[in-house]
Amino acid sequence: MRRFTRTLITAAVVTGVIAGTAGWASGNSQEAVTGAPAGTGAWRAAGLPDPERTGPAEVARFFAGLSPVRREELARTHPTVVGNLDGVPLELRYEANARSTRGEFGGARVLAHDPRGRGQVVLVYGDPVRAEHVAVIVPGSDVDADHVRPLADMAASLRRATGGRTAVVAWAGYTTPVGVGLDAATGRLAEAGAERLARFTEGLAAVRPVGAAEPSVFCHSYGSVVCGLAAHELKAEDLVVFGSPGMRAENVSELGTSARVWAAKDPTDWIDRVPNVEFAGLGHGADPTDPSFGARPVPAGDAAGHAGYFAPGTASLRAFAAIAEGDVR
């Protein structure tokens with residue numbers, strides 16, 4: 001009887017979590033792109049700091065000690081490493097990535113671009129070095145370098161809502177799930193993404209002025225699983241999840257973060273049909289909007305569906321802008 005009960009629970013989780021998180025489309029298993037940037041072999045052979053053994057702060061110090069001419073030379077000779085290495089001065093990364101993307105992403109500056117797999121990309125709106133406040137948006141399923149428009153639209157909407165005062169980063173820097181499949185119901189891709197996200201925020205801290213505010217990190221859908229797993233290492237002032245299937249934690253204290261944690265879910269979001277359980281590696285745990293979780297509530301009553309939280313005029317967008325600008329206590 002106990003084995004039968006476990007089977008029923010597992011079936012419910014697989015059916016509910018997978019179908020809900022990925023939007024009722026057939027899914028394909030994805031291989032996470034991890035590790036050092038493409039071109040690292042030639043970089044190492046030139047006696048340059050190993051990307052896998054050198055943290056963002058060390059990278060920043062290394063580049064600070066180079067002459068402008070030497071920096072430009074590295075960007076030309078090793079563009080795929082310089083363009084994707086956290087801790088490198090942002091202007092140099094933009095320059096390196098411009099060589100490979102050639103205006104592919106419109107008016108956004110490209111802070112990272114990895115063509116491996118389905119492709120990863122990080123787009124920047126504003127100036128994260130000089131802006132007083134920075135926001136980072138982490139997407140859920142079905143986002144990659146060729147399908148980044150929904151994420152870019154969120155970033156542009158948030159930047160407009162802050163009056164252009166906050167620099168916004170659209171961070172499609174991990175391998176997301178595609179459609180329905182075990183990827184969306186498990187934490188495998190989120191674990192790989194969490195490591196990359198934590199390193200990215202370390203890189204931001206390394207290039208921003210000493211004492212600058214840490215970013216607000218906004219996490220949508222499966223992206224909130226990434227943020228939950230990264231929370232204990234994430235350099236963030238605020239952690240905001242919306243349309244979340246869970247954060248792989250039962251409450252805020254389990255996240256191990258000093259960031260303020262916020263959660264939003266609108267009444268028409270289908271994510272509400274996803275069972276908030278975790279069993280045998282399937283499912284993502286407690287609902288972050290449940291009062292017992294301990295997150296600060298974000299009003300979202302007038303948002304529509306799973307992707308409507310950044311729609312102009314919504315209470316959720318106004319609240320997100322206030323959080324991004326540090327206008328909350």
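# Exercises on strands, a pocket and aromatic pairs

β3 and β4 pair in the parallel sense, with five bridges between them, where two strands count as paired if DSSP finds at least two bridges between them. The model is predicted, so that local features need pLDDT of at least 70 and side-chain atom pairs count only at pLDDT 80 or more, whereas totals for chains, interfaces and linings use all residues. Residues are numbered from 1 along each chain as its sequence is written, and side-chain values use heavy atoms, with hydrogens and water left out. Strands (E, at least two residues) and helices (H or I, at least four) are DSSP runs, numbered from the N terminus.

## Exercise 1: the surroundings of β3

Task: Work out which strands pair with β3, and in which sense.

Solution. Step 1: begin with β4, where the bridge partner of His133 is Thr166, and where Ala135 has Val168 as its bridge partner. Step 2: follow the chain from β3 to β4, which leads through helix α7 (residues 149-161) in a right-handed β-α-β crossover; right-handed here means that, with the strands pointing away from the viewer, the path from the first strand over the helix to the second runs clockwise. Step 3: turn to strand β5 (residues 216-220), which pairs with β3 in the parallel sense over four bridges, and in which Cys219 is the bridge partner of Val138.

Task: Explain why β3 can be called largely enclosed by the rest of the structure.

Solution. Step 1: apply the burial classes, in which buried means under 20% relative accessible area, exposed over 50%, and partly exposed in between (1.4 Å probe, protein chains only). Step 2: in strand β3 (residues 133-138), six of the six residues are buried, and the strand is therefore largely enclosed by the rest of the structure. Step 3: separate the faces, remembering that in a regular strand the side chains alternate between the two faces of the sheet. His133, Ala135 and Ile137 cover one side of β3, Val134, Val136 and Val138 the other, and all of these are buried.

## Exercise 2: the faces of β4

Task: Determine how many residues of β4 are buried and which way they point.

Solution. Step 1: seven of the seven residues of β4 are buried, which leaves the strand mostly covered. Step 2: Thr166, Val168, Ala170 and Ala172 point one way, while Ala167, Val169 and Trp171 point the other way. Step 3: add the pairing with β2, which runs antiparallel to β4 and is joined to it by five bridges, with Ala172 of β4 as the bridge partner of Val121.

## Exercise 3: the largest pocket

Task: Describe the volume of the largest pocket and the make-up of its lining.

Solution. Step 1: fix the terms: on a 1 Å grid over the protein atoms alone, a pocket is an open set of points where a 1.4 Å probe fits, with protein on both sides within 12 Å along at least five of seven lines, and lining residues have an atom within 4 Å of a point. Step 2: the volume of the largest pocket is about 570 Å³, volume being the space filled by probe spheres set on the points, which are joined across faces, edges and corners. Of its 28 lining residues, Gly35, Asp86, Glu195, Arg196 and Arg199 are the closest to the centre. Step 3: assign the lining to elements: β1 (109-114), β2 (120-125), β4 (166-172) and α9 (188-207) each supply at least two residues, and α9 gives the most, with seven. Step 4: sort the lining by class, which yields twelve nonpolar, six polar and ten charged residues, where Ala, Val, Leu, Ile, Met, Phe, Trp, Tyr, Cys and Pro count as nonpolar, Asp, Glu, Lys and Arg as charged, and the others, Gly among them, as polar.

## Exercise 4: an aromatic pair

Task: Classify the pair formed by the rings of Trp171 and Phe200, and state which elements it ties together.

Solution. Step 1: the structure holds eight aromatic pairs, where rings of Phe, Tyr and Trp (its six-membered ring) pair if their centres lie within 6.5 Å, and planes under 30 degrees apart count as stacked, over 60 as edge-to-face and the rest as tilted. Step 2: the ring centres of Trp171 and Phe200 are 6.3 Å apart and their planes stand at 45°, so the pair is tilted. Step 3: because Trp171 lies in strand β4 and Phe200 in helix α9, the pair ties together parts that are 29 residues apart in sequence. Step 4: check burial, which gives a relative accessible area of 2% for Trp171, a buried residue, and 3% for Phe200, which also counts as buried.
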